[in-house]
Amino acid sequence: MFAKSVARRALQLQPTLLAKRTKVSLPELDWDFGALEPHISGQINELHYTKHHQTYVNGFNAAVEQFDELKSKLDNDPAVAKQIVAVQQNLKFHGGGYVNHCLFWKNLAPTSQGGGEAPTGALAKQIETQFGSLDNLISLTNAKLAGVQGSGWAFIVKNVENGNQLEVVQTYNQDTVTGPLKPLVAIDSWEHAYYLQYQNQKANYFKAIWNVINWKEAAKRFEAAA
Ligand SMILES: [Fe+2]
């Protein structure tokens with residue numbers, strides 16, 4: 001009797017659990033919105049997280065749902081295939097936005113939690129070997145960020161198909177890095193990431209953000225990526 005009721009309960013729960021697993025949601029932050037001040041204001045973080053990141057979460061979930069629905073209707077129909085191609089754009093944009101911001105929050109930390117402290121270990125060694133110093137890598141990344149015309153990102157990545165070398169990659173819109181490019185640090189160059197505080201002085205935002213970069217997280221990603 002008891003076993004039956006447990007089994008029945010499990011079946012009742014299953015649809016909810018399944019529904020949850022097919023969706024993404026905002027990640028938990030390791031710090032308060034105001035914890036990155038004065039480098040990034042609490043107001044920016046709050047809007048960035050609760051409005052912008054939330055929009056990508058919603059957009060990605062909706063696109064996945066549309067894709068699933070269209071897939072079930074495909075049945076050799078070019079018109080449905082065309083609709084799937086159209087949904088792909090939303091998957092890429094909102095999926096990239098969801099992923100990039102998850103990386104971004106995690107690779108930021110208040111100075112009281114080690115933000116801005118230079119990396120140690122294998123990552124520190126690799127930076128030294130390839131760039132001579134952390135400052136040189138930062139300058140190179142800032143140059144890439146400055147080169148973004150409109151909205152985009154810069155990523156410091158480990159290229160596992162190129163001898164595990166570090167590379168700095170710039171993308172547009174919410175394009176993310178995939179395949180052999182394993183992201184260690186992701187920096188948001190969209191206006192929503194800095195405008196309320198830095199207005200048209202985006203170079204000052206790029207300079208300031210290094211004070212709250214979580215190099216411990218980057219070092220962890222560097223060692224884990226294979
Ligand atoms: Fe953003």
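**Close-up views of helix H8 and its surroundings**

**View 1. The exposed side of helix H8.** In this predicted model, Glu-223 and Ala-224 are exposed on one side of H8, the side opposite its buried residues. They are a handy place to begin, since the next view turns to the buried residues of this helix.

**View 2. The buried side of helix H8.** H8 runs over residues 215-224, and its buried residues are Trp-215, Ala-218, Arg-221 and Phe-222. These four lie on the same side of H8, because they cover an arc of only 115° around the axis. What do the buried residues of H8 pack against? Their partners are helix H4 (121-131) and two strands, S1 (152-159) and S3 (181-188).

**View 3. Helix H4 against helix H8.** Two packed helices are described by the angle between their axes and the distance between the axes. For H4 and H8, the angle is about 90° and the axes are 8 Å apart. That angle makes H4 roughly perpendicular to H8. From H4, the residues in this contact are Gly-121, Ala-122 and Leu-123, and they meet Ala-218, Ala-219, Phe-222 and Glu-223 of H8. Sorted by character, the residues of this contact are 5 nonpolar, 1 polar and 1 charged. Two names are worth looking for again here: Phe-222 is among the buried residues of H8, whereas Glu-223 is exposed.

**View 4. Helix H3 from end to end.** H3 takes in residues 78-106, which makes 29 residues. At 1.5 Å a residue the helix should span 42 Å, and its end C-alpha atoms are 42 Å apart, so the two values agree.

**View 5. The buried residues of helix H3.** Which residues of H3 are buried? They are Val-87, His-94, Gly-95, Gly-96, Gly-97, Tyr-98, Asn-100, His-101, Leu-103, Phe-104 and Trp-105. The buried residues of H3 pack against helix H2 (42-73) and against strands S1 and S3. You have met these two strands before: S1 and S3 also pack against the buried residues of H8.

**View 6. Stepping back to the whole protein.** The close-ups belong to a protein with 8 helices and 3 strands. Along the sequence, the pattern reads α-α-α-α-α-β-β-β-α-α-α. Its C-alpha atoms fill a box of roughly 65 × 50 × 40 Å, taken along the principal axes. Of the 226 residues, 27% are buried. Among contacts between residues at least 6 apart in sequence, 70% join residues at least 24 apart.

Conventions. Residues numbered from 1 in each chain as written. Predicted model: local features only at pLDDT ≥ 70, side-chain atom pairs only at ≥ 80, totals over all residues. Buried ≥ 20, exposed ≤ 12 C-beta atoms within 10 Å, placed from the backbone. Arc of directions from axis to C-beta. Contact = placed C-beta atoms within 7 Å. Axes fitted to C-alpha atoms, helices over the stretch in contact; angles between N-to-C directions. Parallel < 35°, antiparallel > 145°, perpendicular 65-115°, else oblique. Nonpolar A, V, L, I, M, F, W, Y, C, P; charged D, E, K, R; others polar. Expected span 1.5 Å × (residues − 1).
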